Every structure is written in C-alpha cells, then in structure tokens.
Amino acid sequence: DIKDLIATLFAGNAQMDMYKNYKNLLLGDGFNNKSEKYIKMQKYINMKTQNKYNFLNMFDDIINTKYSSLINNLVMTYRNSNISTIMLLQYGKLLSKSNRANANNIIIFRSHNMETKKDMIDVFLKDRFIRMGLLKGNDMIKYYDEVTENYGFFYIHNGAIPTFSTHRLSL
C-alpha cells in the first residue's frame, strides 16, 4: 500500500516549491555522506525487522551516483530488502552499464535537446528500433519525437518476459 511507503527524494533542488505539497516525502539535499548513511540505515532496519518496511529512494538528476558502490547495491541487491530505487535522469549514460542492465522498468519521456535524444536512443532504444526496421539515425529520432509528443513515452520492462511498448498520458 502506498500509504505505508517511506519515500525519500534526493535532489540538488529539494527546496523547490513543487516538492512542498508532498507532506509524506522526505527530502535529501543532494547525495552525500549523510545520504549514504541514511540508505545504509534503511538496509539495517529491514535486516533487523525481516523486511518489515517498504522504502523508496528517488534520485532527481544526481549526477555523482554513476560509480557509487551504494547505488550499485541499491539497484542490484537492496531491492531484495524492500528498498526500491527510482533514478530520474536526463542522460542514460549517467547510470552505470551494470545498473542499466539491472533496471526492471525504464520510462523515457520527451526531450527537446538533440544530445539527450541521441543518448536515450543509443543507451536504451537503438536495438529495439533496429528490430522494428528503423536503421538510420534520423528515422530513429523522428520516431522518438512522434512517440513522445503530447506526453507520450516509451516503456521498457526487463523482466522474465521483456516488454517494449509506447504509451500516452491523458492530461
């Protein structure tokens, strides 16, 4: 149940007004030694309570996480301790290759920046586009733009039965 979720947002801009409406959201100022201790405490609590609590850690454009062993643990093993992780990134390459490979769910929304589009295509979408018959970079970018306009997005699920689909939010 979402009301039982202990959610924390680590963001370099946690003071922004858009976060103030979420009274149950804990805010961390960036990602630093205190953040690491906090996450390790989550693991310790669940180790001592047989995974009683459901923790969610969200990282909003925290760029110094790529080579963090703690982030690697969060993505690859802490999920088995009821500790979930959401990474909100502008560039897919800000997440290490092993963490990208272990991500269960990936959602890609629109970007207006050509460099960001190329990065997302290269990191997450290119092999899927090629299987669809999109072989040229310009065709891939055109399809990316068509799917992501008007709140559209790509959804990738890397589970036992992999899924690749497109969707649109109705706002």
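How many residues does helix α1 have, and how far does the helix reach from its first C-alpha to its last? In this predicted model, α1 covers residues 33-48. The helix has 16 residues and reaches 22 Å between its end C-alpha atoms. That is close to the 22 Å expected at 1.5 Å a residue.

The two sides of α1 were then examined. S35, I39, Q42 and N46 are the buried residues of this helix. Seen down the axis of α1, the buried residues fall within an arc of 45 degrees, so they line one face of the helix. On the other side of α1, the exposed residues are N33, K34, K37, M47 and K48. The cover over the buried residues of α1 includes two helices or strands named early in the chain's numbering, β1 (5-11) and β3 (54-60). It also includes α2 (69-76) and β4 (83-88).

Q42 shows the buried side of α1 at the level of one residue. Q42 lies in helix α1. Its relative accessible area is 0%, and Q42 is therefore buried. Leaving out residues up to four places away in sequence, Q42 touches T8, F55, N57 and I83.

N57 also appears among the contacts of T85. T85 is placed in strand β4. Is T85 buried, exposed or partly exposed? Its relative accessibility is 24%, so T85 counts as partly exposed. Apart from neighbours within four places in sequence, T85 is in contact with L56, N57, F59 and L74. T85 and L74 are 11 residues apart in sequence. In space, their C-alpha atoms are 6.7 Å apart.

The next element is helix α5 (residues 137-148). At 1.5 Å a residue, the 12 residues of α5 should span 16 Å. The end C-alpha atoms of α5 are 16 Å apart, which agrees. M140, I141, Y144, V147 and T148 are the buried residues of α5. They cover an arc of only 130 degrees around the axis, so they sit on the same side of α5. The face turned away from this buried side carries the exposed residues N138 and K142. What covers the buried residues of α5 includes α4, together with the strands β5 (105-108), β6 (152-157) and β7 (163-168). α5 is followed by N150, which has a positive phi near 50 degrees.

How do α4 and α5 pack, and at what angle? Helix α4 spans residues 114-131. The two helices pack at an angle of about 100 degrees, with their axes 10 Å apart. An angle of 65 to 115 degrees counts as roughly perpendicular, and α4 and α5 are therefore roughly perpendicular to each other. On the α4 side, the contact is made by M114, K117, K118, M120, I121, L125, K126, F129 and I130. On the α5 side, it is made by M140, I141, Y143, Y144 and D145. By class, this contact has 10 nonpolar residues, four charged residues and no polar ones.

I108 touches residues of both helices' contact, M120 and Y144 among them. I108 is placed in strand β5. Its relative accessible area is 4%, so I108 is buried. Not counting residues up to four places away in sequence, I108 touches M120, F124, L125, Y144, T148, G152, F153, F154 and I156. I108 and M120 are 12 residues apart in sequence. Their C-alpha atoms are 7.7 Å apart in space.

Key: Residues are numbered from 1 along each chain as its sequence is written. This is a predicted model: local features need pLDDT of at least 70, side-chain atom pairs count only at pLDDT 80 or more; totals for chains, interfaces and linings use all residues. Side-chain values use heavy atoms; hydrogens and water are left out. Axes are lines fitted to C-alpha atoms, for helices over the stretch in contact, and angles run from 0 to 180 degrees between N-to-C directions. Helices (H or I, at least four residues) and strands (E, at least two) are DSSP runs, numbered from the N terminus. Angles under 35 degrees count as roughly parallel, over 145 as roughly antiparallel, 65 to 115 as roughly perpendicular and the rest as oblique. Contact means heavy atoms within 4.5 Å. Ala, Val, Leu, Ile, Met, Phe, Trp, Tyr, Cys and Pro count as nonpolar, Asp, Glu, Lys and Arg as charged, and the others, Gly among them, as polar. The expected span of a helix is 1.5 Å times one less than its number of residues. Buried means under 20% relative accessible area, exposed over 50%, partly exposed in between (1.4 Å probe, protein chains only). The arc is that of the directions from the helix axis to the C-beta atoms.
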